[in-house]
Amino acid sequence: MIPLAPPDATMYWLSRRTSNDQFLLYCFAESTWENARLRDAIARRSAAIPELRVRLQPDPTGLSYPVWVPAEPDPAQLVTHRLDRPHWSDLLASLGRLLETGVDAAEHPWRLHIFRGIRESPAPDPAVTVVVLQISHALVDGRGASRIARALFTDEPRPAATPGPRPLPRSRIAARAGRAGRAGLALPLDIARTLRRGLAAGRARTELAELTAAGRVPPAAPGYPPGALNVPGEVTGHTVRMLVCRAADMRLPGRSVTVAGMTAISLALQRYLRERGAAVTALGAQVPMATPPRPGVRNNYRSLGVDLAIGEEDPRRRAAAIAADLAARRERAVHPLLDAQDAVTAVLPPLLLRRDVRNYPIDIVPERITGHTVVSSVDRGPADLRFGAAPVRFTAGFPALGTVMHLTHGIHGMGDTVTLSLHADPVVVPDLDSYAELLRAAVRDVGRAG
């Protein structure tokens, strides 16, 4: 049994309040294999990947963190969907319904959804197979989920980076049981450790402020007032679109694909909001950034608030400004003084952290937000994946919606393709096709600038 680290437990407890699963889409050429053979092959692959052979076991008392326990994959986790009309538009509608669902990590922390014979896709094939890996955020972050998918769809599946659970010796099982019984007694010690690290975090904040004032560390992101995309209220539904581009069309000299994609999103979002009559004085994006792995922690990332530089009309100058702000946000995010704040959470008693997650007002839009939309960018590696011997064509992903974020973006590269994915609440963004066309035009503008 492996206890969840506090960041991973937070993800699990949040999933009890709102959907935060990850959905990784892979489009393959249509396989010649029958469904039964495909399912058998993927069942064998999943049984060889440690992360896919666990489930979460909560502590009913709430005094200890949940633990990962061994659990063999269940055939029910492989879901073959049959659409009345196997066309791309019908697949998109089905994906929207799928994004409304969530896995229960205490039962099965992942599912694999298979859609066969889809016609009129962005791929050159007359028909394709679309596979969606739905996985609990408590189990892995985006980087880890991509590793697991690669292990699922390669000829030689390799164990992913995070080790799976190992059976405990009887002596340690007994010791764990004893510790659970003494959890209430340990609570004051946990609180004392939290207070000590809290004092250290206070000193670190003071030092970071001094370094910032001296110009030795970039300032914190200023945040933004909510805009037309950040209206209060629950998510009413899910619509998705995908723009599959050549990687060559997403390149600007000296800029990453992430910056090129954010520049296109910046242009399209500004134009879309102006067409709707919304006042647009500034736009920002919340960008998850991978951080170095920490022992025992499966979610290793920070969310950065990056300015989208809408004051720059020229795409190249806008890209330069976005790249500079992204670099500054990254520099601050990896500063060692921020680790002191993480250290507080690392020793927070589970009872207190769970209470904080339960009481956090996720249904309220704050006065200042990190960004008006989410942009998640992941390079998923070479296009050497196969499903039923059929080659992969492209990949996509759909960051979750919430009370603050009613439109999110994915930038996912594989081989010589980059997919821009759109995920929207149809009440807040009722004309997602119009926005997708503006984004397509913005990609062309960025490509011409390059």
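**Salt bridges, a buried aspartate and secondary-structure packing**

The structure holds 15 salt bridges. The model is a predicted one, and the values reported here are computed from it. Three of the ion pairs are described individually below, followed by a charge network, a buried acidic residue, a helix face and a small sheet.

The side chains of D249 and R246 meet in a salt bridge, with an N to O distance of 2.8 Å. D249 has a relative accessibility of 29% and is therefore classed as partly exposed, given that this class lies between the limits of 20% and 50%. R246, by contrast, reaches 53% relative accessibility and counts as exposed.

A further salt bridge links D325 to R329, in which the N to O separation is 3.0 Å. Both residues belong to helix α8 (residues 315-333); because they are four residues apart in this helix, about one helical turn separates them. The arginine of this pair, R329, is buried, at 8% relative accessibility.

In helix α11 (residues 432-449), R440 and E437 lie three residues apart, about one turn of the helix. Their side chains form a salt bridge of 3.6 Å, N to O. Both partners are partly exposed: R440 has a relative accessibility of 34%, and the relative accessible area of E437 is 46%. Elsewhere, R271, D445 and R448 are joined into one network by salt bridges that share partners.

D21 presents another arrangement of a charged side chain. This residue is located in the loop that runs between α1 and β2 (22-29). D21 is buried but takes part in no salt bridge; R111, the nearest side chain of opposite charge, is 5.9 Å away, whereas a salt bridge requires a nitrogen to oxygen distance within 4 Å. Polar atoms of other residues do approach D21. A polar atom of the D21 side chain lies 2.7 Å from the backbone nitrogen of V103, and a polar contact of 3.0 Å connects the side chains of D21 and Q134. When neighbours within four places in sequence are left aside, the residues in contact with D21 are T101, G102, V103, Q134, I135 and S136. V103 and Q134 thus appear both in this contact list and as the residues whose polar atoms were described above.

Helix α1 also features in the packing of helix α10. Within α10 (residues 350-359), the buried residues are P350, L353 and V357. Viewed down the helix axis, the buried residues of α10 fall within an arc of 70°, and they therefore line one face of the helix. These buried residues pack against α1 (6-15).

The strands β1, β4 and β3 make up an open sheet of three strands, arranged in the order β1-β4-β3 with antiparallel pairing. β1 (2-3) and β3 (54-57) occupy the edges; each has a single partner strand, so one side of each is left without a neighbour in the sheet. The pairing of β1 with β4 (residues 67-70) is antiparallel and extends over two bridges. In this pairing, I2 has W68 of β4 as its bridge partner.

How values were computed. Residues are numbered from 1 along each chain as its sequence is written. This is a predicted model: local features need pLDDT of at least 70, side-chain atom pairs count only at pLDDT 80 or more; totals for chains, interfaces and linings use all residues. Side-chain values use heavy atoms; hydrogens and water are left out. Two strands pair if DSSP finds at least two bridges between them. Buried means under 20% relative accessible area, exposed over 50%, partly exposed in between (1.4 Å probe, protein chains only). The arc is that of the directions from the helix axis to the C-beta atoms. Contact means heavy atoms within 4.5 Å. Lys and Arg count as positive and Asp and Glu as negative; His and the chain ends are not counted. A polar contact is a pair of N or O atoms within 3.5 Å; within protein, one must be able to donate a hydrogen and the other to accept it, and residues adjacent in sequence count only if both atoms are side-chain atoms.
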